[in-house]
Amino acid sequence: MFTTTKEVLTHAEKTNSAIAAFNCYNAETIQAAITAAEAKQQPVIIAYGERYQEYMNLEAFAAFTKVLAEQATVKVALHLDHSYQFETIKRAVHAGFTSVMYDGSTHSLEDNIKHTKEVVDFAHAHDVFVEAEIGSMERGAFSDEEEGDGRLTDPDEAVHFVKETGVDFLAASIGTVHGMYDGEPNIRLDLLEEIKSKIEIPLVLHGGSGTPEQQILKAIDRGIRKINVNTEISLTAVESMRNTLEKNAKTHLSVVMEDAQEAMVTHMEKVIHVYLNQK
């Protein structure tokens, strides 16, 4: 069933779990995410990044997702991930996205607050929830995200930011990266704990790919309710395609994509299971 991001994160708060927000950009990724969620009987968030617009039309993506969500046996929310342009956010809101992320992390704190507040005012007027980011994550291996400077979230700045903007969810930079890690990850759980002690809204972890399971579980226990996953699912799909084509270089495209979708479903099920945070 199609629902709001706020509703699924409220469920996560009640169950001390996190909801997987899978970055999707075509039919196979959307279908894989919903199929995996149904297999685990858990809510899921379908996330679409602004950078995918030239590859996948935003309005078509929303329409396709909503049709599958209405047919699903679990709750499915639709989220706009990492958007820098107000025009993209407006399009997403009008297309039926249930939440949007404005990424003002490259701006000064004052400008980030100013622009985020404008997004919040517009989105809330249309009953859409808003995620924003304080700090800036570095770009790891195999990522297609924008480069960040690795600046960690300042807890006091985060408190001020949330108060001034009225944002609904906050993405905190605590040492994860976009993509896969080069070397050992250094996740600042102590920083996350301090942020959580000062902020009541749900916290979001970007950079779920490659983050060790035990670190993920500790982050969930410290208030993370939404975790973004992209690169590791992409790598799984690409590996599946490679294997299929190695067996038969002239395999029909439908078979290549079907195999890739099945591989993604299996991987996504494992991710969702971890995020259940069952002791």
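N16 sits in the loop that joins helix 1 (5–15) to strand 1 (19–23), and in this predicted model its backbone has a positive phi of about 50 degrees although N16 is not a glycine. The relative accessible area of N16 is 27%, and N16 is therefore partly exposed, given that the partly exposed class lies between the buried limit of 20% and the exposed limit of 50%.

A positive phi is also found at H82, where the angle is about 40 degrees and the residue, again, is not a glycine. H82 belongs to strand 3, which covers residues 76–83, and with a relative accessible area of 2% H82 is buried.

Two helix residues can be described in a similar way. T65 is part of helix 3, which runs over residues 58–71, and T65 counts as buried because its relative accessibility is 0%. Leaving aside residues up to four places away in sequence, T65 touches I30, I46 and L78. I89, for its part, is placed in helix 4, residues 86–95, and I89 is likewise buried, with a relative accessible area of 0%. Its contacts, again without residues up to four places away in sequence, are L80, S83, V100, Y102 and V119. The C-alpha atom of I89 is separated by 32 Å from that of E262, a residue 173 positions away along the chain.

The four residues are set side by side below.

| Residue | Relative accessible area | Class |
|---|---|---|
| N16 | 27% | partly exposed |
| H82 | 2% | buried |
| T65 | 0% | buried |
| I89 | 0% | buried |

V100, one of the residues that I89 touches, leads to the interior of the protein. The largest nonpolar core has 75 residues, and those with the most contacts inside it are F22, F97 and V100. Helix 10, made of residues 253–275, gives the most to this core, with eight residues. When residues up to four places away in sequence are not counted, V100 touches H79, L80, I89, A92, V93, V119, A123, V128, F129, V130 and E131. There is also a second, separate core of 10 residues, which includes A12, I45, F169 and V204. As a general background to such cores, nonpolar side chains tend to be buried together in soluble globular proteins.

Seen as a whole, the protein has 10 helices and 10 strands. Its C-alpha atoms fill a box of roughly 55 × 40 × 35 Å, taken along the principal axes. For 279 residues, a compact globule would have a radius of gyration near 19 Å, and the 18 Å found for the protein therefore agrees with that expectation. Of the contacts with a separation of 6 or more, 71% are between residues 24 or more positions apart.

Buried residues make up 55% of the 279 residues, while the surface that the protein exposes comes to about 12100 Å², of which carbon and sulfur atoms supply 50%. The protein carries 25 positive and 44 negative charges, and the mean positions of these two sets are 4 Å apart.

Terms used
Residues numbered from 1 in each chain as written. Predicted model: local features only at pLDDT ≥ 70, side-chain atom pairs only at ≥ 80, totals over all residues. Heavy atoms only, no water. Core = buried A, V, L, I, M, F, W, Y, C linked by side-chain atoms within 4.5 Å. Buried < 20%, exposed > 50% of the residue type's maximum accessible area, 1.4 Å probe, protein only. Helix = DSSP H or I, 4+ residues; strand = E, 2+ residues; numbered from the N terminus. Contact = heavy atoms within 4.5 Å. Rg over C-alpha atoms; globule rule 2.2 N^0.38 Å. Areas by Shrake-Rupley, 256 points an atom, 1.4 Å probe, with all protein chains shown as cover. Lys, Arg positive; Asp, Glu negative; His and termini not counted. Charge placed at Lys NZ, Arg CZ, Asp CG, Glu CD.
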